[in-house]
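Hi,

Here is the structure I said I would pass on. Have a look at it first, and then read my notes underneath.

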Amino acid sequence: MFGLPDYHVHTFRCGHAGGHSRDFVRTAIERGLSEMAFTDHIPLYFLPERERDPKLAMREDQFDGYLEEVESLRREFAGAIPLRLGLEADYAEGHEETLSRWLARADWDLVLGSVHWVAGDWIDAPGSAARFEKEGTENLYTEYYRLLSKAAATGLFDVLTHFDLPKKHGHRPTRILDRAEDEAIAAAKRAGCAVEISSAGLRKPVGELYPEPRLIRKLVAADVPLTFSSDSHAPAEVGWGFVTTRAVARECGVSNFVTFQRRRQLAHHLGDAASDSPRA
Ligand SMILES: [Zn+2]
Ligand SMILES: [Zn+2]
């Protein structure tokens with residue numbers, strides 16, 4: 001808050017978010033955010049139609065309504081807060097052309113790139129514990145980071161989401177996978193792709209930011225652009241945890257962040273604690 005954007009916000013269409021879209025915007029204004037982007041889940045284009053769970057992402061027939069609603073809220077709240085049109089798009093290896101056709105359907109401010117689908121199944125589903133046991137935590141992490149690197153390299157995305165997502169339910173490799181992590185960071189840097197610092201991890205069993213501070217430091221050292229997000233699925237989650245998020249970011253050496261307009265990246269100074277507005 002206090003001048004930070006929230007660049008990851010869902011709507012009811014995804015089937016696992018609740019509340020009126022207007023109320024997400026109202027929270028953003030109340031909390032003093034500089035701007036907010038709606039970034040609902042893209043239809044599950046990479047799965048056969050009968051396997052597209054409407055509780056995981058919007059249906060194809062909801063897509064146009066999504067665009068219209070964001071446009072109408074943008075008009076309604078003009079002068080109060082800038083609203084950006086975004087999309088959280090799954091990266092699925094081998095389906096890049098289908099994805100780029102989807103992305104051509106609107107004039108986005110930003111497209112989030114997410115890897116949720118790893119080695120033929122969801123990596124972050126509540127029941128994924130069995131996968132880690134069976135397939136090996138290190139294997140799943142390594143494969144996850146390989147896909148994240150590929151996602152960055154496609155150039156289809158502006159921001160990579162929840163960078164260390166496999167940790168969501170507390171599964172951790174026994175050693176730090178520097179090579180896999182560093183390759184994903186280098187891929188983001190090469191592509192000019194930003195990475196979100198997300199408060200959502202604080203609400204999950206793992207109880208820490210995405211990405212963890214150790215990785216935020218690596219991203220700063222590699223000069224990868226960063227932005228802020230909550231991954232809100234309810235109005236009260238917009239800008240949630242941003243006091244902590246900003247403090248941790250500062251501790252990790254973050255001094256700048258980026259925003260997007262029509263996929264053009266704009267840099268901002270994070271400022272020091274002394275410059276925080278009294279609304280804090
Ligand atoms: Zn979601
Ligand atoms: Zn999300």
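Let me start with a helix pair: H5 and H6 are roughly parallel to each other, since their angle falls under the 35 degrees used as the cut-off. Before you read too much into any of this, remember that the model is predicted. The angle in question is about 10°, and the axes of helix H5 (residues 137-154) and helix H6 (residues 178-191) lie 8 Å apart. On the H5 side, the contact is made by Thr 142, Tyr 145, Leu 148, Ser 149 and Ala 152. H6 brings Ala 180, Glu 181, Glu 183, Ala 184, Ala 187, Ala 188 and Ala 191 to that contact.

Now the sheet. It is an open one, with seven strands in the order S1-S2-S3-S4-S7-S8-S9 and parallel pairing. S1 and S9 are the edge strands, each of them pairing on one side only.

I'd look at the S1 end next. Strand S1 (residues 5-9) pairs with S2 in the parallel sense, over three bridges. One pair to click on is Pro 5, whose bridge partner in S2 is Glu 35. Getting from one strand to the other involves helix H1 (residues 21-30): S1, H1 and S2 make up a β-α-β unit, and a right-handed one.

On the other side of S2 comes strand S3 (residues 83-90), parallel to S2 and joined to it by six bridges. Met 36 has Leu 83 as its bridge partner in S3. Here the chain passes from S2 through helix H2 (residues 63-76) to S3, in another β-α-β crossover that is right-handed. H2 itself lies across S2 and S3, and runs at about 155° to S3.

How much of S2 is buried? Strand S2 (residues 35-41) is mostly covered, with seven of its seven residues buried. That brings me to the metal site, because His 41 lies in strand S2.

Which residues hold the zinc ion (ligand 1)? Its protein donors are His 16, His 41 and His 233, each through NE2, at 2.0 to 2.1 Å from the ion. Along the sequence these donors are spaced H-x24-H-x191-H. There is a second zinc ion (ligand 2), 4.3 Å from the zinc ion (ligand 1). What I like about this site is where the donors come from: His 233 is in the loop between strand S9 (226-229) and helix H9 (242-251), so together with His 41 in S2 it ties together parts that are 192 residues apart in sequence. Are these two histidines buried or exposed? His 41 has 7% relative accessibility and so counts as buried. His 233 comes out at 17%, which also puts it in the buried class, as the cut-off is under 20%.

From there it is a short step to the S9 end of the sheet. Strand S8 (residues 194-198) and S9 run parallel and are joined by four bridges. Ile 197 has Phe 228 as its bridge partner in S9. Ser 229 also sits in strand S9, and it is buried, with a relative accessible area of 0%. What does Ser 229 touch, leaving aside residues up to four places away in sequence? The list is Asp 6, Tyr 7, His 8, Glu 196, Ile 197, Ser 198, Ser 199 and Phe 242.

Last, some backbone oddities. As a reminder, most peptide bonds are trans, and most residues other than glycine have a negative phi. These are the spots I'd check:

- The peptide bond from Tyr 210 to Pro 211 is cis, with omega near -15°. Pro 211 is in the loop between helix H7 (200-203) and helix H8 (213-221).
- Asp 223 is not a glycine, yet its phi is positive, at about 60°. This aspartate is in the loop between H8 and S9, and is exposed, with a relative accessible area of 53%.
- Asp 231 also has a positive phi, near 55°. Asp 231 is in the loop between S9 and H9, and is buried, at 9% relative accessible area. That loop also holds the zinc donor His 233.

Shout if anything looks odd when you open it.

Cheers

How values were computed: Residues numbered from 1 in each chain as written. Chains lettered and ligands numbered in written order. Predicted model: local features only at pLDDT ≥ 70, side-chain atom pairs only at ≥ 80, totals over all residues. Heavy atoms only, no water. Buried < 20%, exposed > 50% of the residue type's maximum accessible area, 1.4 Å probe, protein only. Helix = DSSP H or I, 4+ residues; strand = E, 2+ residues; numbered from the N terminus. Pairing = 2+ DSSP bridges. Right-handed = clockwise from strand over helix to strand, strands pointing away. Donors = N, O, S within 2.8 Å, 3.2 Å for Na, K, Ca; no water. Axes fitted to C-alpha atoms, helices over the stretch in contact; angles between N-to-C directions. Parallel < 35°, antiparallel > 145°, perpendicular 65-115°, else oblique. Contact = heavy atoms within 4.5 Å.
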